[in-house]
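Reader: I work on pockets for a living. Please take me through the main one here, and then through the parts around it. Keep it brisk.

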Amino acid sequence: MIGNHAIALTIGAALAGAAAVAGAQTVQPVSVWSGVYTAAQNKRGEELHADACSMCHGPRLNGAGQSEMPPSPAIAGATFLRKWSGQSVAALFVIVRHTMPPDSPGTITDQQSVDAIAHMLAVSGMPAGNRELPPDPGALANILIEAKP
């Protein structure tokens with residue numbers, strides 16, 4: 001119980017920090033549909049997903065993991081986009097970075113977290129670009145998740 005409370009407090013503090021950074025900047029937000037990750041970053045995320053995420057989230061990121069595992073949310077596609085539309089990539093980064101994998105939260109690195117997010121965006125149909133998603137919550141706060149461009 002205390003562990004869950006500590007995770008919730010950590011996530012809350014990180015989201016507040018990301019929001020404060022976002023509020024302090026005057027940069028116009030960009031959409032995830034504008035090529036915010038690279039093909040190479042997607043490839044690294046795909047490899048990470050196969051190794052660490054697919055057991056719960058399924059090979060297609062649709063939440064259909066192994067039968068012996070509890071149900072997991074879709075992390076790509078229409079359901080994912082409906083849930084996250086209007087939120088920043090920073091908010092998603094905080095969840096991925098601090099709660100995944102559920103049996104060992106916080107063990108993936110900042111870089112692995114943004115690589116995983118790049119793969120989630122690619123599977124959701126967003127195009128790759130020529131700049132990687134940075135492992136920086138402040139920069140990620142200016143990238144908005146949108147269901148449609």
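Author: H2 gives the most to the lining of the largest pocket, with 10 residues. The model is predicted. H2 covers residues 39–57. His 57 of the chain is among the lining residues closest to the pocket's centre. Pro 73, Ile 75, Met 100 and Pro 102 are the others named there. The full lining has 33 residues. The pocket's volume is about 590 Å³.

Several helices share the lining. H2, H3, H4 and H5 each supply at least two residues. H3 spans 77–84. H4 runs over residues 89–99, and H5 over residues 110–123. By class, the lining holds 23 nonpolar residues, 7 polar and 3 charged.

Next, the loops. Met 100, one of the residues closest to the centre of the largest pocket, precedes a cis peptide bond. That bond runs from Met 100 to Pro 101, and its omega is near -15°. Pro 101 sits in the loop between H4 and H5. A second backbone feature belongs to Leu 61. Its phi is near 65°, which is positive although the residue is not glycine. Leu 61 lies in the loop between H2 and H3.

Now the helix packing. Take H2 and H5. Their axes come within 7 Å and cross at roughly 100°. H2 is therefore roughly perpendicular to H5. On the H2 side, the contact uses Gln 41, Asn 42, Arg 44, Gly 45, Glu 46, Leu 48 and His 49. On the H5 side, it uses Gln 111, Gln 112, Val 114, Asp 115, Ala 116, Ala 118, His 119 and Ala 122. This contact divides into 5 nonpolar, 7 polar and 3 charged residues.

H5 also packs against H4. Here the angle is about 120°, and the axes are 9 Å apart. The two helices are therefore oblique to each other. H4 passes H5 in a right-handed crossing. H4 brings Val 89, Leu 92, Phe 93, Val 96 and Arg 97 to the contact. H5 answers with Asp 110, Ser 113, Val 114, Ile 117 and Met 120. The classes are 7 nonpolar, 1 polar and 2 charged. Val 114 of H5 appears in the contact with H4 and also in the contact with H2.

One pocket remains to describe. The second largest holds about 220 Å³ of space. Its lining has 13 residues. Val 30, Arg 131, Glu 132, Pro 134 and Ile 143 lie nearest its centre. By class, this lining has 7 nonpolar, 4 polar and 2 charged residues.

Back to the main pocket for a last word. H2 leads its lining with 10 residues, while H3, H4 and H5 each add at least two.

Terms used:
Residues numbered from 1 in each chain as written. Predicted model: local features only at pLDDT ≥ 70, side-chain atom pairs only at ≥ 80, totals over all residues. Heavy atoms only, no water. Axes fitted to C-alpha atoms, helices over the stretch in contact; angles between N-to-C directions. Helix = DSSP H or I, 4+ residues; strand = E, 2+ residues; numbered from the N terminus. Parallel < 35°, antiparallel > 145°, perpendicular 65-115°, else oblique. Left-handed = near helix turned anticlockwise from the far one by under 90°. Contact = heavy atoms within 4.5 Å. Nonpolar A, V, L, I, M, F, W, Y, C, P; charged D, E, K, R; others polar. 1 Å grid on protein atoms, 1.4 Å probe; cavity = no way out; pocket = protein on both sides within 12 Å on 5 of 7 lines; lining within 4 Å. Points joined across faces, edges and corners; volume = space filled by probe spheres on them.
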